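Good morning, everyone, and thank you for making time for this. I would like to walk you through one structure slowly, so please have the sequence and the picture open in front of you.

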Amino acid sequence: MEDTVVTIPGSTYNVASLPSMLPVEPISHIAFGLLAVLILAGAGWVVALPNLFRAALSLGIVLVGVAGVFILLEAEFLAFIQILVYVGAILTIIVFAVMLTANVSAPAEPIPSSKRGAAALASLAMFAVLAGLIRGIAWPSGEPQAPTTAAIGQQLVTTLVLPFELISVLFVAVMIGAITLATATRDEPRGAPKAPRG
Amino acid sequence: MSVPLPWILYLSSALFSIGVYGMLTRRHAIGLLLSVELILNASVLNFVAFGRLYGNVHAQAFALFIIALAACEAVVGLAIIIGLARSAGTVFVDRLTLLKG
């Protein structure tokens with residue numbers, strides 16, 4: 001890596017050595033801790049809130065928190081994509097779907113607490129197994145290098161051009177399928193009042 | 001490394017486990033979809049963390065594809081749910097018995 005020397009009137013700074021002068025480590029650790037609390041709290045609300053509209057909004061908290069972790073991992077491009085596609089598009093559709101199906105989902109019956117406890121036990125056991133695995137492995141501690149956005153873009157139009165184009169074909173298929181599914185009216189809704197005849 | 005890799009792995013496995021809990025306890029079809037989004041986010045987080053560890057460019061591109069596929073999945077899933085709400089009159093997965101023989 002070449003050293004970049006920036007000359008500012010009165011003094012000379014070596015830009016490449018600046019990050020090591022700043023206390024980056026504790027700041028990123030604190031930021032990661034805050035983001036982790038945000039993500040886990042949001043995820044807890046997503047699965048636990050009885051009101052589905054609020055659960056969908058909590059998913060927004062989780063998605064923004066994950067985007068923040070992407071920025072900490074030097075994946076800025078992915079962070080922007082996450083905000084644009086997930087928060088901007090997917091979450092909007094989900095909120096609309098929640099509102100469109102609100103009239104048929106009003107009586108939300110809670111799951112019995114015994115089943116809830118069994119599910120919590122199962123997922124806790126799964127987390128324990130995963131955490132044990134992570135703990136047991138000696139992870140390499142080299143200096144990581146995040147790929148730049150330019151490198152990702154280059155890969156997307158050279159090596160990965162086929163999956164990239166396939167995704168566009170898939171999008172077209174999905175759009176047609178979604179329109180077909182959502183506009184198909186085979187039956188009248190069960191609870192809807194029937195139109196008077198004659 | 002600014003953030004140690006195991007921390008991210010712990011976070012993503014916690015996110016994954018919460019998503020699994022949601023899949024097991026939610027009755028509303030959109031609630032299931034929200035839990036699937038949590039699980040997908042956990043996997044994307046792992047992809048990015050490992051790609052950074054090994055300096056792999058394909059990891060982030062793959063994460064991009066996962067996000068695109070998640071968008072497709074959400075669109076088709078929500079269209080199906082809206083269609084179900086219209087034709088079957090319910091969106092609770094334990095009351096949907098249209099395919100029961």
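Before anything else, let me fix one word: when I say that two residues are in contact, I mean that their C-beta atoms, placed from the backbone, lie within 7 Å. Please also keep in mind throughout that what you are looking at is a predicted model.

With that word in hand, let us begin at a single residue, B:Ala49, which lies in helix H2 of chain B. If we leave aside its neighbours within four places in sequence, B:Ala49 is in contact with B:Leu5, B:Ile8 and B:Leu9, and also with A:Leu73 from the other chain. Is B:Ala49 buried or exposed? It counts as buried, because there are 25 C-beta neighbours inside 10 Å, and the cut-off for that word is 20 or more. Ten residues further apart along the chain we have the pair B:Ala49 and B:Ala59, whose C-alpha atoms are separated by 8.8 Å.

Let us now step back to the whole contact between the chains, to which chain A brings 80 residues and chain B brings 63 residues. On the chain B side, helix H1 (5-25), helix H2 (29-53) and helix H3 (57-87) each supply at least two residues, and H3(B) gives the most, with 24 residues. Sorted by kind, this side of chain B divides into 42 nonpolar, 17 polar and four charged residues.

One part of this deserves a longer look, namely the packing of helix H3 of chain A, residues 52-72, against H2(B). Their axes are 11 Å apart and meet at an angle of about 5°, which makes the two helices roughly parallel. Among the residues that meet here are A:Leu59, A:Val62 and A:Val66 from H3(A), and B:Leu34, B:Leu38 and B:Leu45 from H2(B). The residues of this helix pair divide into 14 nonpolar, two polar and one charged.

Finally, let us turn to chain A by itself, which is divided into domain 1 (22-103) and domain 2 (148-183), with 23 Å between the centres of the two, taken over C-alpha atoms. A:Gly117 is found in helix H5 of chain A, residues 113-136, and A:Gly117 is exposed, because it has 10 other C-beta atoms within 10 Å, where the limit for that word is 12 or fewer. The C-alpha atoms of A:Gly117 and A:Phe164, which are 47 residues apart along the chain, are separated by 43 Å.

Definitions and conventions. Residues numbered from 1 in each chain as written. Chains lettered and ligands numbered in written order. Predicted model: local features only at pLDDT ≥ 70, side-chain atom pairs only at ≥ 80, totals over all residues. Domains from an automatic or database assignment. Helix = DSSP H or I, 4+ residues; strand = E, 2+ residues; numbered from the N terminus. Nonpolar A, V, L, I, M, F, W, Y, C, P; charged D, E, K, R; others polar. Axes fitted to C-alpha atoms, helices over the stretch in contact; angles between N-to-C directions. Parallel < 35°, antiparallel > 145°, perpendicular 65-115°, else oblique.
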